[in-house]
Amino acid sequence: MSSEIDALDARLISLLYSEPRIGVLESSRRLGVARGTVQARLDRLAARGVIRGHGPDVDPAALGYTVTAFVTLEIRQRFGHDPVSTHLKAIPEVLEVHTITGSGDLMCRIVARSNADLQRVIDRVMSFEGIVRSSTIIALESQIPYRVLPLVAAAAAGPGDR
């Protein structure tokens, strides 16, 4: 499957980002294309994993989790990553986990209700015997929140147009 997107794909993705509750029919009207074209594009983008969901974008701070931290974990290599990941999946405050290169093995984004609550979450993370050490960085403010629309525009423009 091609990883390419075109200008119409980019416009469709941008529309869905700005108005996530918009329907296929209204999308087709706004984009000036047939409803079937929009549906086919959505199906193709979803099948390729470009669009991974249509759910609400939830802000942890609005739920009372105002502290965000990034935690680097070093693990015991004999356990491997899978048991540690299973442990971390059971902790609701762990939002993301990535295998990384460098001094650590895993990078986690976690949230907590306060700094004291962050200690509780870290203690729970560290309770697994396969985790040796952690290093925590508390985020003070989000300068650039997670975004993909500039990347979508760049992908649609192609390598020579950037």
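Asp9 and Arg41 are both buried in this predicted model, and the two residues are joined by a salt bridge in which the closest N and O atoms are 2.9 Å apart. Because Asp9 belongs to helix 1 and Arg41 to helix 3, this pair ties together parts of the protein that are 32 residues apart in sequence. For Arg41, the relative accessible area is 17%, a value that falls under the 20% cut-off and therefore places the residue in the buried class.

Arg41 also forms a salt bridge with Asp6, and here the closest N and O atoms are 2.7 Å apart. Since Asp6 is located in the segment before helix 1 (7-18), while Arg41 is part of helix 3 (residues 35-47), this second pair ties together parts that are 35 residues apart in sequence. Asp6 has a relative accessible area of 31% and is accordingly described as partly exposed, whereas Asp9 is buried. The two pairs belong to a network of salt bridges that links Asp6, Asp9, Arg41 and Arg44.

A search of the whole structure finds 10 salt bridges, and one of a more local kind is found within helix 2, where Glu26 and Arg30 lie 4 residues apart, about one turn of the helix. The side chains of Glu26 and Arg30 meet with a distance of 2.9 Å from N to O. Both partners are partly exposed, the relative accessible area being 25% for Glu26 and 39% for Arg30.

Helix 2 (residues 24-31) also contains Ser27, which counts as buried, with a relative accessibility of 2%. A polar atom of the Ser27 side chain lies 2.8 Å from the backbone oxygen of Gly23. When neighbours within four places in sequence are left aside, the residues in contact with Ser27 are Leu12, Leu15, Ile22 and Val38.

At the surface, Tyr17, Tyr146 and Leu149 make a nonpolar patch of about 360 Å². Within this patch, Tyr146 is exposed, with a relative accessible area of 67%, and its place is in the loop between strand 4 (131-139) and helix 6 (149-157).

With regard to the overall fold, the secondary structure of the protein consists of 6 helices and 4 strands, and the order of these elements from the N terminus on is α-α-α-β-α-β-β-α-β-α. Among the contacts with a separation of 6 or more, 66% are accounted for by residues that are 24 or more positions apart.

The dimensions of the protein were examined next. The radius of gyration is 20 Å, whereas a compact globule of 162 residues would have a value near 15 Å. Along the principal axes, the C-alpha atoms fill a box of roughly 55 × 35 × 30 Å. Of the 162 residues, 30% count as buried, and the protein exposes about 10600 Å², of which carbon and sulfur atoms supply 54%.

Key:
Residues numbered from 1 in each chain as written. Predicted model: local features only at pLDDT ≥ 70, side-chain atom pairs only at ≥ 80, totals over all residues. Heavy atoms only, no water. Patch = residues over 30% accessible without salt bridge, like charges linked within 9 Å, V, L, I, M, F, W, Y side chains within 5 Å. Areas by Shrake-Rupley, 256 points an atom, 1.4 Å probe, with all protein chains shown as cover. Salt bridge = Lys/Arg side-chain N within 4 Å of Asp/Glu carboxyl O. Helix = DSSP H or I, 4+ residues; strand = E, 2+ residues; numbered from the N terminus. Buried < 20%, exposed > 50% of the residue type's maximum accessible area, 1.4 Å probe, protein only. Polar contact = N/O pair within 3.5 Å; in protein donor to acceptor, adjacent residues only side chain to side chain. Contact = heavy atoms within 4.5 Å. Rg over C-alpha atoms; globule rule 2.2 N^0.38 Å.
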